[in-house]
Amino acid sequence: MFFVLLPILLLYFTFLVLPIGAGFVMSFFDYNPLRTNNDFVGLANFARLTNDPVFFKALRNTLYFVFATVPLNIIITLIIAQLISSLDWSKLRASFRVLFFMPCIAPLVASSMVWKQLYNVRYGIINSMLEGLFNIQPINWLGTQSLVIPSVILFTLWADMGYNVIIFSAGMDGIPSDFYEAANIDGAGPISRFFNITLPLLGRTFSFVIAMTFISHFQMFAQFQVLATKGGPNNAGTVLTYLIYKTAFQNKNMGYASAIAITLFLLIMIFTIVQQRVNRVDWGY
Amino acid sequence: MAVDTRHKRHSIGQYISLAILSLVALFIIAPYIWMLMSSFKSTQEIVQNPGVILPINWTLAGYRNVLTNSPFFRWFLNSAIVATSITVLVVFTSTLAGFVFAKFEFKGKEALFWLILATMMVPYQITMIPIFLIVGELNLYDTLWALILPGAVSAFGFYLCRQFCEEIPDSLSEAALIDGAGPMRVYWSIIMPLLKPCIAALAIFTFLEAWNEYLKPLIMLSQVDRMTLPLSLVFFGNAHIHDIGSVMSAASLIMIPAVIVLLIFQKQFIKGISITGTK
């Protein structure tokens, strides 16, 4: 039995544990895979971060993207899940769930390429609709500094709502109906029922979804590479993941890229710890 | 909250909910419709009549271009090989490791468990550079192994399977062991069948993730005939940057089969996702 486990543990070690250690170690080196000598530079990579304007821009863009998209995603998916769960028609409930999940099964990079066409200045359907309906002049969505991230946010909301809709509605279906019946007798309206029963009773699911959504959004990459071509105008669409990719695999500066990756990790870790504290759930029903 | 409503009239609130959901549904479907319709148009038509959804002159030129001027079937096969291998391997490694960690005692188990679990917290951006170098050391660049081997283990799968194994009563596996069944036999004929819902969920997640993965192929593969679908679509898009019709045909060829699979297996999909969320 344990002989079978051995190769599995070897895989875990080689591709999960070892790379983490190596990632941290590399951040202390000036590592370029094309060179034979790679010097230990101590904290120099991290010192370099502190006066790298592109890094700070990427950091700001990442926080902007994550802290705008995730709350919007959670609010919208909660509302949708609640609307679906309260529908009387069970066939429609099932169909809506599948429908909202559709974008999740497509490769993110493929849907990004479709959306890139929708956002096009000249022939994009978004501009031609705005022009037709409100007579708005064509907008360069992906080529304007202040609009790149909002455009990516809208796309990401479209692409990533499905999981949360399904998980939230499963959680809502699991809430015993006695609670709602009792609330009905007390004369609670739908909004009060949502805030006083559904939301608190979702407890664990709610906390899980928030954590997973934040962690996954910090790591999103494909839509930034496709929609914000080459980091967007004046790096307005550069996020940490894209900067790490570019630094490591295009500029071959893997030590410095590791240092940026570690700041991304610290960001996720700090955030997860804070979130777990805030959303602590120590009761059930 | 499903109430028997056959004898009840639907309230106005029901119809308002339905209207809101239908609007959101339209927003979700619209890009798919645009993609599919554009795939039957010439690029000229897409650019000149941006407001017209239905093709004026239906054409299959885009599809013909994709299927004859690119190794599309090779790409499809690569994706299928990678995603299937990773799914089978992850299910095997996760259930086995989960079983051993849930039902057996050995030295260093707790430490090992937390070590593997901790790796879930670490973003791929940290490990991708060392994994890239390790794959290079193993001489696997530009082979499908560069994706399959690092993808064969999953910390999430391990955790999920261990949780499910813990819920299986010890008496079941112990009774079999006393009856003289070896641990592998217990794993195969007692644990595996009981893990079915967990395996289904894990398999769906793993397959989807592997099938849609873009960043890993991007750093590991550069030869055209080794690419998987998401990477190849970007490659094709860059090579035919002025031929939007063809690019939308390629995108449709990738996205529409997935939609059909989703529609066929919708119950399994929904159930699998719900399981992971409530665990």
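# Surface, core and inter-chain packing

A:I136 sits in the loop that joins α6 (125–134) to α7 (145–173) in chain A, where helices are DSSP runs of H or I with at least four residues, strands are runs of E with at least two, and both are numbered from the N terminus. The model is a predicted one, in which local features need pLDDT of at least 70 and side-chain atom pairs count only at pLDDT 80 or more, whereas totals for chains, interfaces and linings use all residues. Residues are numbered from 1 along each chain as its sequence is written, chains are lettered from A and ligands numbered from 1 in the order in which they are written, and side-chain values use heavy atoms, with hydrogens and water left out.

With a relative accessibility of 32%, A:I136 is classed as partly exposed, the scale being buried under 20% relative accessible area, exposed over 50% and partly exposed in between, with a 1.4 Å probe and protein chains only. Together with A:M129, A:L133 and A:F134, A:I136 makes up a nonpolar surface patch of about 430 Å² accessible area. Such patches take residues with over 30% relative accessible area and no salt bridge, joining nonpolar side chains (Val, Leu, Ile, Met, Phe, Trp, Tyr) within 5 Å and like charges within 9 Å; the areas are Shrake-Rupley values with a 1.4 Å probe, and for residues only the protein chains shown count as cover.

Elsewhere in chain A, A:L6 belongs to helix α1 (residues 2–26) and is exposed, at 53% relative accessible area. The C-alpha atom of A:L6 is separated by 36 Å from that of A:A106, which is 100 residues away along the chain.

Helix α11 (residues 240–250) of chain A presents another picture, since 9 of its 11 residues are buried and the helix is mostly covered. The buried residues of α11(A) include A:L240, A:Y242, A:L243, A:I244, A:Y245 and A:F249. Their cover includes parts of both chains: α3 (53–85), α9 (190–218), α10 (222–227) and α12 (254–278) of chain A, along with α6 and α12 (215–220) of chain B.

Positive backbone angles occur on both sides of α11(A). In the loop between α10 and α11 of chain A, A:N234 has a phi near 55 degrees, positive although the residue is not glycine, and just after α11(A) A:K252 adopts a positive phi of about 55 degrees. Most residues other than glycine have a negative phi. In chain B, the non-glycine residue B:D142 likewise has a positive phi, near 65 degrees; B:D142 lies in the loop between α6 and α7 (145–151) and is buried, at 12% relative accessibility.

Another loop of chain B meets chain A. B:T119, placed between α5 (109–118) and α6 (124–137) of chain B, is buried at 8% relative accessible area. Apart from neighbours within four places in sequence, B:T119 is in contact (heavy atoms within 4.5 Å) with A:L16, A:V17 and A:I20 as well as with B:A155.

Chain B is itself divided into domain 1 (12–64) and domain 2 (71–235), with bounds from an automatic or database domain assignment. The C-alpha centres of these two domains of chain B are 37 Å apart.

Over all chains there are 5 salt bridges, each defined by a side-chain nitrogen of Lys or Arg within 4 Å of a carboxyl oxygen of Asp or Glu. The table gives some of them.

| Pair | Closest N to O | Relative accessible area |
|---|---|---|
| A:R35 and A:D30 | 3.4 Å | A:R35 37%, A:D30 30% |
| B:R162 and B:E166 | 3.6 Å | B:R162 12%, B:E166 42% |
| B:K103 and B:D170 | 2.8 Å | B:K103 18%, B:D170 41% |

The last pair joins helix α4 (residues 72–103) of chain B, which holds B:K103, to helix α9 (residues 170–178) of chain B, which holds B:D170, so the bridge ties together parts that are 67 residues apart in sequence. B:R162 and B:E166, by contrast, are 4 residues apart within helix α8 (residues 155–167) of chain B, a separation of about one helical turn.

No such link is supplied by cysteines: the count of disulfides (cysteine sulfur atoms within 2.5 Å) is 0 over all chains. B:C161 is buried at 0% relative accessible area, and its closest cysteine sulfur, that of B:C198, is 3.8 Å away, which is too far for a bond. In chain A, A:C104 is buried as well, at 9% relative accessibility.
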